[in-house]
Amino acid sequence: SPWNARVIAPENLHFGLDHDGVAKFAERIRVLMAGDYPVYLDFTQIKEAGPAAALHIAAEIDRWREFRQTWRKPRVYDFNEWHPAIRRYFLDLGLFELLNVSNPPNDLPGMSKQRVLKMRQNHIIEPNDVTALRDQLHDLCGSVPNRLSFFDALSEAMSNVMHHAYQDEDPSGWPRLEGRWWMTADFDPHDATLRIAFLDQGVGIPMRLPRSGLGEWATGIMADWGRNDDAARIQAALQYGRTSTGQPGRGKGFHDMQMFVDGHSENWMRVLSGRGECIYRSGKVEPRSYEEAIV
């Protein structure tokens, strides 16, 4: 029934485990919340969840809460049947606070192995944003190796939203929250792994990378992958630090991020846009293509 629309999350709400499942879940939310009836989020099947996928879902619902009026809050379905660790993880992420769902789950202490930085969203980049984030990440995991390189990369990720992401019209036709960005992080003390997710609703790297005048380096990538392949365009952006703003100092974000990744053999970075993904580690780019697009 359209008056009781239930959206069932995949077993792995995790881009690294089920990219297309996460993308389809977000698309279903997008279609239903564009209508005029309540939406019920069913997380009962989730066994694994990652911060980037959770952030993507949060941003999608944020989009429609704002465009379809704030009284249309989504509801969570049968949260007592969720896997306890998933329930704890989403509570720690602040997912239900960010979304302002009408029936948030009750607290469930002691089930999460991660330390979590609550999700947040904003539409401006203030000078003290990165400083505050630095302090919060320090509280989360202690000292960060190569901290200067790390915070240069983080600053560039945040600045990219203002200088790149929202400059063009979005061909998808979906409304977007102009200039808005979302982020979260988690830290697993058992293996000292820090994961940071940063997201915007801009047109994406494949649309932002110039379609002409790319030079021989890009021509080779496009010839190997197919000129309009999203993964190829992300790979080109990663490998050659393309910029489309023409502004001094802009367009070096990927370079700064890669410099930090190169600082330790265990570091890596995943870049998702459209139907493409590239993972950067140990100086190499691993491109992958998918059936479903991240919008």
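The following questions and answers concern a predicted model.

Me: In the open sheet of three strands, what is the strand order?
Reply: The three strands pair in the parallel sense. β1 (5-8) and β5 (75-76) stand at the edges with a single partner strand each, so one side of each is left without a neighbour in the sheet. The order of the open sheet is β1-β3-β5.

Me: How many bridges join β1 to strand β3?
Reply: Strand β3 covers residues 39-42 and runs parallel to β1. Ala5 has Val39 as its bridge partner in β3, and Ile8 has Asp42. The number of bridges joining β1 to β3 is four.

Me: Which residue in β5 stands opposite Tyr40?
Reply: β3 and β5 pair over two bridges, in the parallel sense. Strands of a sheet pair through backbone hydrogen bonds, either parallel or antiparallel. The residue of β5 that stands opposite Tyr40 is Arg75.

Me: With which residues is Arg6 in contact, leaving aside its neighbours within four places in sequence?
Reply: Arg6 lies in strand β1. Its relative accessible area is 37%, and because buried means under 20% and exposed over 50%, Arg6 is partly exposed. Arg6 and Ile29 are 23 residues apart in sequence, and their C-alpha atoms are 9.2 Å apart in space. With neighbours within four places in sequence left aside, the contacts of Arg6 are Tyr40, Asp42 and Tyr77.

Me: At what angle to β1 does helix α1 run?
Reply: Helix α1 comprises residues 15-33 and lies across β1 and β3. Its buried residues pack against β1, β2 (12-13), β3, α2, β9 and β10; among these buried residues are Phe15, His19, Val22, Phe25 and Ile29. The angle of α1 to β1 is about 165°.

Me: At which residue does α1 bend?
Reply: A straight helix of 19 residues would reach 27 Å at 1.5 Å a residue, but the end C-alpha atoms of α1 are only 22 Å apart. The helix has a bend of about 45°. The residue at which α1 bends is Gly21.

Me: What span should helix α2 have at 1.5 Å a residue?
Reply: Helix α2 (residues 51-67) is mostly covered, with 14 of its 17 residues buried. The expected span is 1.5 Å times one less than the number of residues. The end C-alpha atoms of α2 are 24 Å apart, which agrees with the expected 24 Å.

Me: Which residue in the hairpin of β9 and β10 takes a positive phi?
Reply: Strand β9 (residues 269-281) pairs with strand β10 (residues 284-294) in the antiparallel sense over seven bridges. One of the bridge partnerships links Ile279 to Glu286 in β10. Two residues lie between the strands, and a positive phi near 50° is taken by Ser282.

Me: Why is the pair of Phe25 and Phe43 edge-to-face?
Reply: The count of aromatic pairs comes to six. The ring centres of Phe25 and Phe43 are 6.1 Å apart and their planes stand at 70°. Planes over 60 degrees apart count as edge-to-face, so the pair of Phe25 and Phe43 is edge-to-face.

Me: How many residues apart in sequence are the parts that the pair of Phe25 and Phe43 ties together?
Reply: At 3% relative accessibility Phe25 counts as buried, and at 1% Phe43 counts as buried as well. Phe25 lies in helix α1, whereas Phe43 lies in the loop between β3 and β4 (48-49). The parts that this pair ties together are apart in sequence by 18 residues.

Me: At what angle are the ring planes of Trp82 and Phe90?
Reply: Trp82 is buried, with a relative accessible area of 4%, and Phe90 is buried at 0%. Both residues belong to one aromatic cluster with Phe25, Phe43 and Tyr89. The centres of the Trp82 and Phe90 rings are 6.4 Å apart, and the pair is edge-to-face, with the planes at 90°.

Me: How far apart in space are His83 and Glu48, C-alpha to C-alpha?
Reply: His83 has its place in the loop between β5 and α3 (84-93). With a relative accessible area of 37%, His83 is partly exposed. His83 and Glu48 are 35 residues apart in sequence, and their separation in space, C-alpha to C-alpha, is 9.3 Å.

Methods: Residues are numbered from 1 along each chain as its sequence is written. This is a predicted model: local features need pLDDT of at least 70, side-chain atom pairs count only at pLDDT 80 or more; totals for chains, interfaces and linings use all residues. Side-chain values use heavy atoms; hydrogens and water are left out. Two strands pair if DSSP finds at least two bridges between them. Contact means heavy atoms within 4.5 Å. Axes are lines fitted to C-alpha atoms, for helices over the stretch in contact, and angles run from 0 to 180 degrees between N-to-C directions. Buried means under 20% relative accessible area, exposed over 50%, partly exposed in between (1.4 Å probe, protein chains only). The bend at a residue is the angle between axes fitted to the seven residues ending there and the seven starting there. Rings of Phe, Tyr and Trp (its six-membered ring) pair if their centres lie within 6.5 Å; planes under 30 degrees apart count as stacked, over 60 as edge-to-face and the rest as tilted.
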